[in-house]
Amino acid sequence: MSLTRREVEAIAHLARLQITEMELPVYVASLSKILDWVDQLAAVDTSAVTPMAHPLSGEVQRLRADQVTESDHHSRYQANAPQVVAGLYSVPKVIE
Amino acid sequence: MTLHTLSVAELSAGLAARRYSSLELTEHFLGRIAAANPKLNAFITITAEEARAAARAADAERARGAGTALTGVPIAHKDIFCTDGIKTSCGSRMLDNFVAPYDATIVARLRAAGVVMLGKTNMDEFAMGSSNETSWYGPVRNPWDLDRVPGGSSGGSAAAVAARLAPAATGTDTGGSIRQPAALTGITGIKPTYGRVSRFGMVAFASSLDQAGVLAGSAEDCALLLRTMAGFDPRDSTSVDRPVPDYPAELGQPMRGLRIGLVKEFLGDGLDPGTAALIEAGIAVYRKLGAELVEVSCPALPLSVPTYYVVAPAECSSNLSRYDGVRFGYRCQNPRDLLDLYQRSRGEGFGAEVKRRIMTGTYVLSAGYYDAYYLKAQKVRSLINQDFERAFARADLLVCPTAPTPAFKLGDKLDDPITMYLNDIFTIGANLAGLPGLSVPCGFLGGLPVGLQLIGPHFAESRLLAAGHAYQRETDWHRRVPDAYR
């Protein structure tokens, strides 16, 4: 199956990725090729097969008790933020 | 000085006998890194000062008669593992400015055992690649031939160990990223069972596939490190609570009577004849040791690569949505509004292959396509898993090549993603089924190393490592070092 430019632009928007005019045709071609190639899976009879969601059968992800186990590290973690104002993450204005 | 020719096991004994100090050892490897890294590009960050301080502390601990078998042994960490106070880039511009605020569990465990970190190794961006060419920091070169790739994504770790810039290194394996580079650089690498080693503090790529492991000079050295790295971690919800065997103590398991399954689909026509001959010679070693050879069939296994390229991008697109240019990582200059901030920070911060996978994953998870792609792939994944279950009813271990060919030239497969993806045809199945896999060097083709892969049932790391060790007592491929790095 072949993707159109518009479809690739829509995917990029969903993924919040800016794709330049130069990059766009490259992705149209390679994503189309990849989807064509994975389409071979459609020929496999999986009518009676349960999908595999965890690589260890019978294992499920553990839940933990809802208890506070960590101390406050926010200043340490915020040291990696691009822009902080008064202990808050700063972004461009969202609401006028 | 020939300290770099010694194994981790030998270094451990040498440190215990005070034949050299950890500081001498650390200086020796730092010197080798400084000399070789400009050409190999195996390290993104060299932590010389931290290494010296850790080595002094290790020497003091040994002097008190305390410490573990690994106290004072220097290693390198793949730059995917968070290291407290040290840049953790994951090979990406997105995290070029990221200083990890805590240690990954395996980093903390190795640190607590007295291991000295020499630095952080180069890798494909976010571990997405099979050649180490997608790194923001440039490609790593193969010490056996500088015009060739070292494999990926743990290419820096593999090149560092192969060139003896470190006795061992950590790595991660989502589709072959430990085993394939180990094969292409002539060293030994183990990907443990899913859940065996904690993933806490390991930058996530595909959460149902990712697993941490070791690259080293031998199965014995892998066993020594894995014993410390493995084990339950309450901070990783996929970590399995199960006792860790004493891997080094179990290396002597006999090969006599062990049933080794030859995977029909991976050993027949289509396999490169040179590689096939070396794998056959490797199988002959096991026959000589008394193992029983049985042919097994895994008919769905050849579908593992397209299955993986639905599942892994889907999980990657979810995991990498955290990089938003707000809380940490790269932010674009002068964003117009919030959407522009997201789109340009991600568009500029991620490289081409990462963006390709995020978009593939976004597409297969999007409304109207989920059943046709993602659900379908999860079903084929079940079929692949069932193939392995049937195979392990008849065999204790499976054998096949690690990679279809020896190391290829830089740039050779960059323009064609599918050709690059197919390089992982032999390794991806173990990730989809959560199985442990080991690659050991089994010979050379045109001066380039080739790897033999063993795959075991869940939690059979002891058996795998013992089989690797038995092979390495009969052969000396794992002792070969490229001329320039002897």
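**Exercise 1. Contacts in chain B**

What percentage of the contacts in chain B with a separation of 6 or more comes from residues 24 or more positions apart?

*Solution.* The model is predicted. Take the contacts in chain B with a separation of 6 or more. Residues 24 or more positions apart account for 76% of them.

**Exercise 2. Confidence**

State the confidence of each chain and of the complex.

*Solution.*
- Step 1. Chain B has a mean pLDDT of 97, and 100% of its residues reach 70 or more.
- Step 2. Chain A averages 92, with 99% of the residues scoring at least 70.
- Step 3. Within chain A, confidence is highest in α1(A), at 97, and lowest in α3(A), at a mean of 92.
- Step 4. For the complex, the predictor gives a pTM of 0.98 and an ipTM of 0.96.

**Exercise 3. Two chains against the globule rule**

Test the radius of gyration of chain B, then that of chain A, against the globule rule.

*Solution.*
- Step 1. Chain B holds 16 helices and 11 strands. Its C-alpha trace spans about 65 × 55 × 45 Å along the principal axes.
- Step 2. A compact globule of 486 residues would have a radius of gyration near 23 Å. Chain B has 21 Å, which agrees.
- Step 3. Check burial. In chain B, 64% of the 486 residues count as buried.
- Step 4. Turn to chain A. It has 3 helices and 2 strands, in the order α-α-α-β-β from the N terminus.
- Step 5. For 96 residues the rule gives 12 Å. Chain A has 22 Å, well over that value, so it is more spread out than a compact globule.
- Step 6. The C-alpha atoms of chain A fill a box of roughly 55 × 45 × 25 Å along the principal axes. Buried residues make up 16% of chain A.

**Exercise 4. The interface between the chains**

Describe the side of chain A that touches chain B.

*Solution.*
- Step 1. Count the residues. In chain A, 41 residues are in contact with 53 residues of chain B.
- Step 2. Find the elements. α1 (5–14), α2 (23–38) and α3 (74–78) of chain A each give two or more residues to this side.
- Step 3. Rank them. The largest share, 7 residues, comes from α2(A).
- Step 4. Sort by class. This side of chain A has 27 nonpolar, 9 polar and 5 charged residues.

**Exercise 5. The domains of chain B**

Locate the two domains of chain B and describe how they meet.

*Solution.*
- Step 1. The domain assignment gives domain 1 (3–258 + 396–485) and domain 2 (302–376).
- Step 2. Their centres, taken over C-alpha atoms, are separated by 27 Å.
- Step 3. In domain 1, 29 residues are in contact with 22 residues of domain 2.
- Step 4. On the domain 1 side, α14 (417–421) and α15 (428–432) of chain B give two or more residues. α15(B) has the largest share, 3 residues.
- Step 5. By class, this side of domain 1 has 16 nonpolar, 9 polar and 4 charged residues.

**Exercise 6. Helices α11 and α12 of chain B**

Check the span of each helix, then its burial.

*Solution.*
- Step 1. α11(B), residues 338–349, has 12 residues. At 1.5 Å a residue it should span 16 Å; its end C-alpha atoms are 16 Å apart, which agrees.
- Step 2. Its buried residues are B:L341, B:Y342, B:Q343, B:R344, B:S345, B:R346 and B:G349.
- Step 3. α12(B), residues 352–365, has 14 residues. It reaches 20 Å from its first C-alpha to its last, close to the expected 20 Å.
- Step 4. In α12(B), 11 of the 14 residues are buried, so the helix is largely enclosed by the rest of the structure. Among them are B:K355, B:R356 and B:R357.
- Step 5. Identify the cover. It includes α1 and α2 of chain A, together with α10 (304–319), α13 (370–394) and α14 of chain B.

**Exercise 7. B:V326**

Is B:V326 buried or partly exposed, and which residues does B:V326 touch?

*Solution.*
- Step 1. Place it. B:V326 lies in the loop between α10 and α11 of chain B.
- Step 2. Count neighbours. B:V326 has 18 C-beta neighbours inside 10 Å. Buried requires 20 or more, so B:V326 counts as partly exposed.
- Step 3. List contacts. B:V326 touches A:Y89 and A:V91, not counting residues up to four places away in sequence.
- Step 4. Relate it to α11(B). B:V326 and B:L341 are 15 residues apart in sequence, and their C-alpha atoms are 8.5 Å apart. B:L341 is one of the buried residues of α11(B).

Note on methods. Residues numbered from 1 in each chain as written. Chains lettered and ligands numbered in written order. Predicted model: local features only at pLDDT ≥ 70, side-chain atom pairs only at ≥ 80, totals over all residues. Helix = DSSP H or I, 4+ residues; strand = E, 2+ residues; numbered from the N terminus. Rg over C-alpha atoms; globule rule 2.2 N^0.38 Å. Buried ≥ 20, exposed ≤ 12 C-beta atoms within 10 Å, placed from the backbone. Contact = placed C-beta atoms within 7 Å. Nonpolar A, V, L, I, M, F, W, Y, C, P; charged D, E, K, R; others polar. Domains from an automatic or database assignment. pLDDT = per-residue confidence, 0-100. Expected span 1.5 Å × (residues − 1).
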